[in-house]
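Colleague: Could you take me through a single part of this model, strand by strand, and say how its residues are placed?

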Amino acid sequence: MNLHKPVYEAPDDQVAWLGTDPIPARAYYDPAWYERERKAIFMRTWIEIGHVCELPEPGTWIRRELEFAEASLLIVRGKDGEIRAFHNACTHRGTQLVEEESGRGTNFLCPYHMWNFADDGRLVAAPDFERFALTKAECALPRVAVDVCAGLIFVNLDPHPRQGLREFLGAYADELETLPVARATTFHEYTYEIEANWKITYDNFQENYHLRFVHGLTGGATVHPDNNFGYPTRYGFNGPHRTQTIWSNPEPSLKPMQVFNFGIAARKGVEQGVIGGPNDRTYFALFPNFFIIGTPIQHFSHVVYPLSATRSRGVFRVYWVGEDDSAATRYAREYTLCAIRDVHTEDVNIIRRAQKGLSSGALKHIHFMSMEGLCRHLYQQVVEQVEAWETEQQLEGAGR
Ligand code: FES
Ligand SMILES: [Fe+2]
């Protein structure tokens, strides 16, 4: 008989302040609720959309689609080195300026009537322009607020953001700067779409309760008799954002291939000084939809963009410092992304099933236990921000 009793205690006291109330299920499938979230949160909060290594030099740009806003954005590093963001919409009659995902060049030429925009958004030339009752200065591309922290690019669709990015991130801004992602020069990525609400999709990555049951094949590194539910060692909260610190398994059951590849990735990380930082094993969940974890060998991010009340698009990235300068490094990097994908493959179907059960409307409430405290915190933040937005609308409606 196995008398081994788990010796590790969960830090439940750190989430007690969140309470234990049941959570209304409607927030996870109702289109009317989603519309409130969209306006109150996504249309006016800093949203992560990429990394500065995608804009390595002046004249480079990327296009990003934000479906929740029906927006297509151009993020451009200008000749002066500044990063700016614009709507990908010609100010003549709205035509999208570029269809490519990224490119180089210091001008954007509209294919419809050849209006030509500089990399700072100014209209610099337009055929037969004298026949418009306009000045070129009135025709600049619409700007979108953009800022960078730890190499990560954030945009805010509010024409007048309530806070700057650093103020929004609070104390986490400096902590994020210690992560390898701040110095990343390249990344591997994969994206997916899923028939699930953005919070359901995101919450799956905010709790360890399911690890033991859903990740039987790939979860060997996270479960140990001393801590068989994989309780984290610490929860942290900072405004709308949160962290948890992942427990370090002293005897991870890794497959030989994992040992080999993680060894290469780890050695490389030590050489480059990206391993052993103060936030190794800390999982940052930035409101509303971004997370990054800097474990010693995998520093990967995951962003969940809502497409509708019950559909989302996710982007996984593993960031690296330096090029893969050997076959072994290249293999180890590809392997790391594939290993994350294997874990995610186990999650996808269960997330869809959760959504199906919720979308049936059969449940009035769902329930979070203490280890799902980060999920509870996200829900509470969402409600707080939706209510704050509605109060603002009412005050504006009352003419104040
Ligand atoms: S729509 Fe762009 S130049 Fe006419
Ligand atoms: Fe999972």
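Modeller: What follows is a close look at strand β15 and the strands beside it. The model is predicted, so that local features need pLDDT of at least 70 and side-chain atom pairs count only at pLDDT 80 or more, while totals for chains, interfaces and linings use all residues. Residues are numbered from 1 along each chain as its sequence is written, and chains are lettered from A and ligands numbered from 1 in the order in which they are written.

Strand β15 covers residues 282-286, where a strand is a DSSP run of E of at least two residues, numbered from the N terminus. Five of its five residues are buried, so β15 is largely enclosed by the rest of the structure; buried here means that 20 or more other C-beta atoms lie within 10 Å of the residue's own, with C-beta atoms placed from the backbone. In a regular strand the side chains alternate between the two faces of the sheet. In β15, T282, F284 and L286 point one way, whereas Y283 and A285 point the other way.

Turning to the partners, two strands are said to pair if DSSP finds at least two bridges between them. Strand β14 (residues 241-245) pairs with β15 in the antiparallel sense over four bridges, and within this pairing R242 has A285 as its bridge partner. Strand β16 (residues 290-294) also pairs with β15 in the antiparallel sense, over four bridges, and there the bridge partner of A285 is F291. With three residues between them, β15 and β16 form a hairpin.

Notes. A residue is buried if 20 or more other C-beta atoms lie within 10 Å of its own, exposed if 12 or fewer, and partly exposed in between; C-beta atoms are placed from the backbone.
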